[in-house]
Amino acid sequence: MSIQLSHYLILSGILFAIGAAGFLFRRNALVALMSIELMLNSVNLTLVAFNRWQPTVQVPAIQTRAGYRAAENARAEAAREDEAAAQAARRRDDRQAQEHRAAAQTARARAEAVRELRVPMIPHQGQIFAFFVIAVAAAEAALGLAIVLALYRVRKTVRTDDADLLKG
Amino acid sequence: MSTLRAPSSSAEIVAFVVFAAIAVVGALATVMAKNPIRSAVGLFFHVLALAGLYLALSAHFLAVIQLIVYAGAVVVLFVFVIMLLGPAADTPRDRRGLGARITGAVLVAISAGMVLSHLRYVQRPLVRRLEEYGTLWQIGNDLFGRAAIPFELVSVLLVVAMVGAIAISRGSRKAAEAREARQRAGEGRLVAPLDPRLSTRDARILAEDNDPDAARPAHAEEHHS
């Protein structure tokens, strides 16, 4: 037996149900806000778990760290060889210059090959989406707590039932 | 040949069970604790456990962000507000009526059942963890590549939220000045005549607000004489 995607989904379903129940059952505005945080967190867990179980896609190798490094190294080597070829040409050493020019050419071809290459990679959409959810949750917490403070200033309580200023 | 071995399946199971248990207990403590400060502590442990689960899912970046944003900022903000409110943060007779509770429980049970009944459709093969999955480099590449515009919009959202939070929590200056002027004038009367439709609680709040004995500014006396 090993941990499957459904285990994570069941866990986040339980956490979401706890958060939803807290939001429905409690009258304390602070606890209601914390329950909203619980629900958002459980959604994040779902997103990250789905992301882990996502199939791979073929992405350009340049978008992976190893591929980027390889391309950078090849480009740097080509620049070095070009420099060496220019120096050899200044020394009027035609044979050396020719060799360096050929080496630069191969290095450039290698960089180009990395650019063409595609490698398998799990995309990170789920994690990035969870990142945005965290940002929204932080904004929501700040605004919600500000509203709780404003409610307390008017009503001297944080019971959600007492927030009835708009009631006709 | 890498010297790092992949975590064994049993270690994975232990990590999942431990973190899941802490997360559920923390969530229950958040929802059920009478004292809001205990709720905040429950939320704190819940957040820590979720960061552990993110690590188990090899979302390293998100685990760190979760710790910084939730444990470091959101929970602390909650604690600040609870301490600012003092005893008022506690609301006695917090539970709702039986009808609302039963309705809520039934709704939660129905939605949970609907989700659980569909879970068997989401069996998926697990891809072997790729070397670069979830690393900071890859996340940064995706975040500043395809998600660059939403990422910039998040900063706009945070600025708007910050300005809004300051504007809301600072309160209206006009209302504060009016209250101060009323206190200075020493009026014991209410601004509006007491409406018979007002509940006793509202009447009490208004009366407290206009109590002539309550905290009149010290300079009000010399101003008067």
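Helices (H or I, at least four residues) and strands (E, at least two) are DSSP runs, numbered from the N terminus. Keep that handy for the exercises below.

This is a predicted model, where local features need pLDDT of at least 70, side-chain atom pairs count only at pLDDT 80 or more, and totals for chains, interfaces and linings use all residues. Residues are numbered from 1 along each chain as its sequence is written, chains are lettered from A and ligands numbered from 1 in the order in which they are written, and side-chain values use heavy atoms, with hydrogens and water left out.

**Exercise 1. Place A:N28 and find its partner.**

Task: Find where A:N28 lies, decide whether A:N28 is buried or exposed, and say which backbone oxygen lies 2.9 Å from a polar atom of its side chain.

Solution:
- Start with the location: A:N28 sits in the loop between α1 and α2 of chain A.
- Next, the cover. Buried means under 20% relative accessible area, exposed over 50%, and partly exposed in between (1.4 Å probe, protein chains only). A:N28 counts as buried because its relative accessibility is 0%.
- Now look across to the other chain: the oxygen belongs to the backbone of B:A89.

**Exercise 2. Describe the interface.**

Task: Work out how many residues each chain brings to the contact, how much area is buried, and which element gives the largest share of chain A's side.

Solution:
- Count residues first. With contact meaning heavy atoms within 4.5 Å, chain A brings 86 residues and chain B brings 91.
- Then take the area. The size of an interface is often given as the accessible area lost when the parts come together. Buried area is that loss (1.4 Å probe), summed over both parts. Here chain A and chain B bury about 8,000 Å² between them, with 71% of it on carbon and sulfur atoms.
- Check for salt bridges (a side-chain nitrogen of Lys or Arg within 4 Å of a carboxyl oxygen of Asp or Glu). The count between chain A and chain B is zero.
- Go on to polar contacts. These are pairs of N or O atoms within 3.5 Å; within protein, one must be able to donate a hydrogen and the other to accept it, and residues adjacent in sequence count only if both atoms are side-chain atoms. There are 13 residue pairs in polar contact between the chains, both at pLDDT 80 or more.
- Finally, the elements. Those giving two or more residues to chain A's side include α3 (65-90) and α5 (125-155). The largest share, 25 residues, comes from α5(A).

**Exercise 3. Trace the nonpolar patch on chain B.**

Task: Say which helix gives the most residues to the nonpolar patch, and why B:I22 counts as partly exposed.

Solution:
- Get the overall fold: chain B has nine helices and zero strands.
- List the members: B:V14, B:V18, B:I22, B:V41, B:F44, B:F45, B:L48 and B:L67 make up the patch, with about 610 Å² of accessible area together. Patches use residues with over 30% relative accessible area and no salt bridge, joining like charges within 9 Å and nonpolar side chains (Val, Leu, Ile, Met, Phe, Trp, Tyr) within 5 Å. Accessible areas come from the Shrake-Rupley method with a 1.4 Å probe, and for residues only the protein chains shown count as cover.
- Match them to helices: α1 (9-32) and α2 (36-56) of chain B each supply at least two residues. The most come from α2(B), with four.
- Zoom in on B:I22, which is found in helix α1 of chain B. B:I22 counts as partly exposed because its relative accessibility is 34%.

Note on methods
Buried area = accessible area lost by both parts, 1.4 Å probe.
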